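Here's a quick look at some side-chain neighbourhoods, mostly involving aromatic rings. Have the fold open as you read.

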Amino acid sequence: MAKPKPHIIFAYGTLKRGFPNYALMEDLKTKDDLVFVDTCHTEDPHPLVIGPHGIGYLINLPGSGHRVKGEAYAVSDEALVRLDEIEGVEYGYYERVPVVVVRDGGERVKAEAYFGHRSFGEILWKMKGEVGLVEYGEKEVREFVRKEHRPGRKNSILDILNR
């Protein structure tokens with residue numbers, strides 16, 4: 001019997017198919033904790049910027065930026081715990097926020113996305129000159145540095161912005 005997957009998550013960065021953290025999504029899929037729903041975009045424009053280490057951050061400033069492209073996944077409660085862990089929700093790197101996405105066929109879907117935490121999101125948006133992206137793509141992912149390869153001990157977004 002299939003596990004219930006009551007949550008819809010909008011992935012716009014490294015968790016998308018073919019990107020560096022997609023291995024987690026594949027693992028969740030093999031455990032029946034995740035199902036791909038569709039490609040989609042945010043209904044409202046939001047800023048999407050690249051922060052330190054090539055990490056993408058969706059900023060919770062609806063009406064600014066672009067309608068961001070990504071992928072929707074139905075996930076179980078167990079998957080949500082693992083996604084919160086990789087996104088550093090506990091540490092204030094991201095926060096899971098409701099967002100409406102539009103599937104490629106036009107259907108509106110209530111989802112949640114990992115937005116850069118409110119403690120730094122607007123600051124990062126201003127640091128980037130209030131210029132955002134439509135999509136985290138192949139060009140942007142070339143800048144991505146895995147956590148274990150980042151220099152120094154204090155290398156999170158919070159450490160960098162608080163210097």
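## A buried tyrosine and its ring partner

Let's start with Y73, which counts as buried because its relative accessibility is 0%, and the cut-off for buried is under 20%. Keep in mind that this is a predicted model.

How many aromatic pairs are there in the model? The count comes to six. One of them joins F36 and Y73 edge-to-face, with the ring centres 5.5 Å apart and 70° between the planes. That pair ties together distant parts of the chain: F36 belongs to strand β2 and Y73 to strand β5 (residues 69-75), with the two positions 37 residues apart.

Is F36 buried, partly exposed or exposed? At 29% relative accessibility, F36 comes out as partly exposed, since that label covers values between 20% and 50%.

## Charges over rings

F36 has another neighbour to look at: R17 lies over the face of its ring, 4.1 Å from the ring centre. There's a similar arrangement at F19, where the charged end of K16 sits over the ring at 4.8 Å from the centre.

## A ring cluster

Y57, Y94 and F120 are worth picking out too, as ring pairs link them into a cluster.

## Around H41

Back in strand β2 (residues 34-42), you'll also find H41. Its side chain makes a polar contact of 2.6 Å with the side chain of R67.

Which residues does H41 touch, leaving aside those up to four places away in sequence? The list runs F10, R67, V68, K69, V100, V101 and V102.

Key
Residues are numbered from 1 along each chain as its sequence is written. This is a predicted model: local features need pLDDT of at least 70, side-chain atom pairs count only at pLDDT 80 or more; totals for chains, interfaces and linings use all residues. Side-chain values use heavy atoms; hydrogens and water are left out. Helices (H or I, at least four residues) and strands (E, at least two) are DSSP runs, numbered from the N terminus. A polar contact is a pair of N or O atoms within 3.5 Å; within protein, one must be able to donate a hydrogen and the other to accept it, and residues adjacent in sequence count only if both atoms are side-chain atoms. Contact means heavy atoms within 4.5 Å. Rings of Phe, Tyr and Trp (its six-membered ring) pair if their centres lie within 6.5 Å; planes under 30 degrees apart count as stacked, over 60 as edge-to-face and the rest as tilted. Buried means under 20% relative accessible area, exposed over 50%, partly exposed in between (1.4 Å probe, protein chains only). A charge sits over a ring if NZ of Lys or CZ of Arg is within 6 Å of the ring centre and within 35 degrees of the ring normal.
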